Amino acid sequence: MKQKIIHQIFLKITDKSMSDFGYDKNSEIWREWCKKNGYKYMLHNSASLNKIMTTKDKQMRNKVKTDRRHPFINLDWGKYLVVNHYGGCYVDLDVIPTDKSLSYLQRPPPILSSWRDKTGKPVCNTQLIIFDKGTLRELLDFAYEEYDKKNLKGFQKQQTAFYFQVAGPKMMCKWAEENGIGYQKDFHKFFIDKETRAWMKK
């Protein structure tokens, strides 16, 4: 990737801290990995995201805050926001590197990762994404359109389904497929994904 940056995000969505999930330790692992491999490490929070938001981004963030249907929507939109603004790689805080991770991260972007469904089959996912700077504005606009459309289509009580459709993997992978972007089926050979799935507990 052109921009050798590893991005992670922690938003104070619940009353729990990073240490409650073990994310502080995972973050430190990534910091050390970046020092060793010549990457910049950036841990983002609400304040740092706010600084790079457009007026439209802020309007949509505030709409979700008011909605409260699934507050992790703002976290996933944040993924796309930081990678669009800075370029580089976003990786979830429950994913940690291995001694094989560098070769994966040196693949040319765009990159979407994968997770395994109930049968063990790899399917498109967004726990790690790599895009060049300035290439995800269209995706953010697409996500906001999906939010407004799906908001009118019976998702009032389907919190997790709504999240998947307007911010999570289903939305991202739908956009990627429409734009001819595939995903890496061998993600789990290069990283350890602890899959804490904190977003499912809301």
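Which cysteine does a disulfide join to cysteine 124? Keep that in mind as you open the viewer, and remember throughout that this is a predicted model.

**Stop 1: the disulfide**

Select cysteine 124 and cysteine 173 and show their side chains. A disulfide joins cysteine 124 to cysteine 173, with an S to S distance of 1.9 Å. Searching the whole structure turns up one disulfide. Turn the view to look along the S-S bond: the angle about it is -85°, and the link of cysteine 124 and cysteine 173 is left-handed. Now colour the elements on either side. Cysteine 124 sits in strand 6 (residues 122-131) and cysteine 173 in helix 9, so the pair ties together parts that are 49 residues apart in sequence. Are these two cysteines buried or exposed? Cysteine 124 has 15% relative accessibility, under the 20% cut-off, and therefore counts as buried. Cysteine 173 counts as buried too, at 14% relative accessibility.

**Stop 2: two cysteines without a disulfide**

Next, select cysteine 34 and cysteine 89. Cysteine 34 is in no disulfide, and its nearest cysteine sulfur, that of cysteine 89, is 8.8 Å away. Looking from the other end, cysteine 89 is in no disulfide either, and the nearest cysteine sulfur to it is that of cysteine 34. Switch on a surface and look for them: cysteine 34 counts as buried at 1% relative accessibility, and cysteine 89 is buried with a relative accessible area of 0%.

**Stop 3: helix 9 and what surrounds it**

Go back to helix 9, which covers residues 169-178, and show its side chains. Which residues of helix 9 are buried? They are Pro169, Met171, Met172, Cys173, Trp175 and Ala176. Colour the partners one by one: these buried residues pack against helix 5 (72-86), strand 5, strand 6, helix 7 (137-150) and helix 8. Then step just past the end of helix 9 to glycine 180, which takes a positive phi of about 70°.

**Stop 4: helix 8 against helix 9**

Now add helix 8 (residues 159-166) to the selection. Two packed helices are described by the angle between their axes and the distance between the axes. Here the axes of helix 8 and helix 9 come within 4 Å and cross at roughly 25°. That angle is under 35 degrees, which means helix 8 is roughly parallel to helix 9. The crossing of helix 8 past helix 9 is right-handed. For the contact itself, show Phe164, Gln165 and Val166 in helix 8, which meet Pro169, Lys170 and Met171 in helix 9. Sorted by character, the residues of this contact are four nonpolar, one polar and one charged.

**Stop 5: tryptophan 115**

Strand 5 (residues 111-116) is next, and tryptophan 115 is the residue to pick there. Tryptophan 115 is buried, with a relative accessible area of 18%. Now add phenylalanine 187 and draw a line between the C-alpha atoms: tryptophan 115 and phenylalanine 187 are 7.6 Å apart in space, although 72 residues apart in sequence.

**Stop 6: out to lysine 36**

Finish by drawing a line from the C-alpha of tryptophan 115 to that of lysine 36. Those two residues are 79 residues apart along the chain, and their C-alpha atoms are separated by 27 Å. Lysine 36 lies in helix 2 (residues 23-37). Is lysine 36 buried or exposed? At 74% relative accessibility, over the 50% cut-off, lysine 36 counts as exposed.

Note on methods. Residues numbered from 1 in each chain as written. Predicted model: local features only at pLDDT ≥ 70, side-chain atom pairs only at ≥ 80, totals over all residues. Heavy atoms only, no water. Axes fitted to C-alpha atoms, helices over the stretch in contact; angles between N-to-C directions. Helix = DSSP H or I, 4+ residues; strand = E, 2+ residues; numbered from the N terminus. Parallel < 35°, antiparallel > 145°, perpendicular 65-115°, else oblique. Left-handed = near helix turned anticlockwise from the far one by under 90°. Contact = heavy atoms within 4.5 Å. Nonpolar A, V, L, I, M, F, W, Y, C, P; charged D, E, K, R; others polar. Disulfide = S-S within 2.5 Å. Buried < 20%, exposed > 50% of the residue type's maximum accessible area, 1.4 Å probe, protein only.
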